[in-house]
Amino acid sequence: MSTDDRIRNRRSFRMPLLILGISMTVFYLGMGGWLLLDKSFIPDMQVEFRNIFAIMLLVYGTYRGWRVYADYF
């Protein structure tokens, strides 16, 4: 059994990792949405880079959410 499988199967690690995974997913999706919608946040950043970074955060947040769902539900 690999190390990842042992960690996922232990009850003591399951709930904190689920909470961490959900909170990081919400953080990435929230930060990506905030960067796309609020143009006054980090005003020194160029608009093109801000949009690219926001889309990358949204894609990674979606991926993290999918992984949390696949691992725990």
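Guide: Helices here are DSSP runs of H or I with at least four residues, strands are E runs of at least two, and both are numbered from the N terminus. This is a predicted model in which local features need pLDDT of at least 70 and side-chain atom pairs count only at pLDDT 80 or more, while totals for chains, interfaces and linings use all residues. Residues are numbered from 1 along each chain as its sequence is written, and side-chain values use heavy atoms, with hydrogens and water left out.

Visitor: Thanks! So how many helices and strands are in the protein chain?

Guide: You will find 3 helices and 0 strands. Going along the sequence, the pattern reads α-α-α.

Visitor: And what does the pLDDT average over the protein chain?

Guide: The average is 89, and 84% of the residues score at least 70. The scale is the predictor's confidence in each residue, from 0 to 100.

Visitor: Where is confidence lowest, and where is it highest?

Guide: Helix H1, residues 3–9, sits at the bottom with a mean of 65, whereas H3 is at the top with 95.

Visitor: Let's stay with H3. Which residue forms a salt bridge with Arg 67?

Guide: Asp 71 is the partner, and the closest N and O atoms are 3.4 Å apart. The rule asks for a side-chain nitrogen of Lys or Arg within 4 Å of a carboxyl oxygen of Asp or Glu, and the count by that rule is 1 salt bridge.

Visitor: Where do Arg 67 and Asp 71 lie?

Guide: Both belong to helix H3, and their positions are 4 residues apart, about one turn of the helix.

Visitor: Why does Arg 67 count as partly exposed?

Guide: Arg 67 counts as partly exposed because its relative accessible area is 29%. Buried means under 20% and exposed over 50%, with partly exposed in between, using a 1.4 Å probe and protein chains only. Asp 71, with 26%, is partly exposed as well.

Visitor: What about Arg 50, is it buried or exposed?

Guide: Arg 50 is buried, yet it has no salt bridge. The nearest side chain of opposite charge is that of Asp 38, 7.1 Å away. For charges, Lys and Arg count as positive and Asp and Glu as negative, with His and the chain ends not counted. Arg 50 is another residue of helix H3.

Visitor: Which residues does Arg 50 touch?

Guide: Leaving out residues up to four places away in sequence, Arg 50 touches Leu 35, Asp 38, Lys 39, Phe 41, Ile 42, Pro 43 and Met 45. A contact is heavy atoms within 4.5 Å.

Visitor: Ile 42 is on that list. What is its phi?

Guide: Ile 42 has a positive phi of about 55°, although it is not a glycine. Most residues other than glycine have a negative phi. Ile 42 is placed in the loop between H2 and H3, and its 37% relative accessibility makes it partly exposed.

Visitor: Switching to H2: which residues does Thr 25 touch?

Guide: Gly 61, Arg 64, Gly 65 and Val 68, again not counting residues up to four places away in sequence. Thr 25 lies in helix H2 and counts as buried because its relative accessible area is 11%. Leu 20 is in helix H2 too, which spans residues 11–37, but Leu 20 is partly exposed at 45%.

Visitor: How far apart are the C-alpha atoms of Tyr 60 and Tyr 28?

Guide: They are separated by 7.2 Å, with their positions 32 residues apart along the chain. Tyr 60 is part of helix H3, residues 47–72, and is partly exposed at 37% relative accessibility.

Visitor: How far from Tyr 28 is Thr 62?

Guide: The C-alpha to C-alpha distance is 8.4 Å, for a sequence separation of 34 residues. Thr 62, also in helix H3, counts as exposed because its relative accessibility is 51%.

Visitor: And how far apart in space are Ile 55 and Leu 29?

Guide: Their C-alpha atoms are 9.4 Å apart, and they are 26 residues apart in sequence. Ile 55 is in helix H3 and is partly exposed at 47%.

Visitor: Back to the protein chain: what share of its contacts with a separation of 6 or more comes from residues 24 or more positions apart?

Guide: That share is 56%. As for burial, buried residues make up 16% of the 73 residues.
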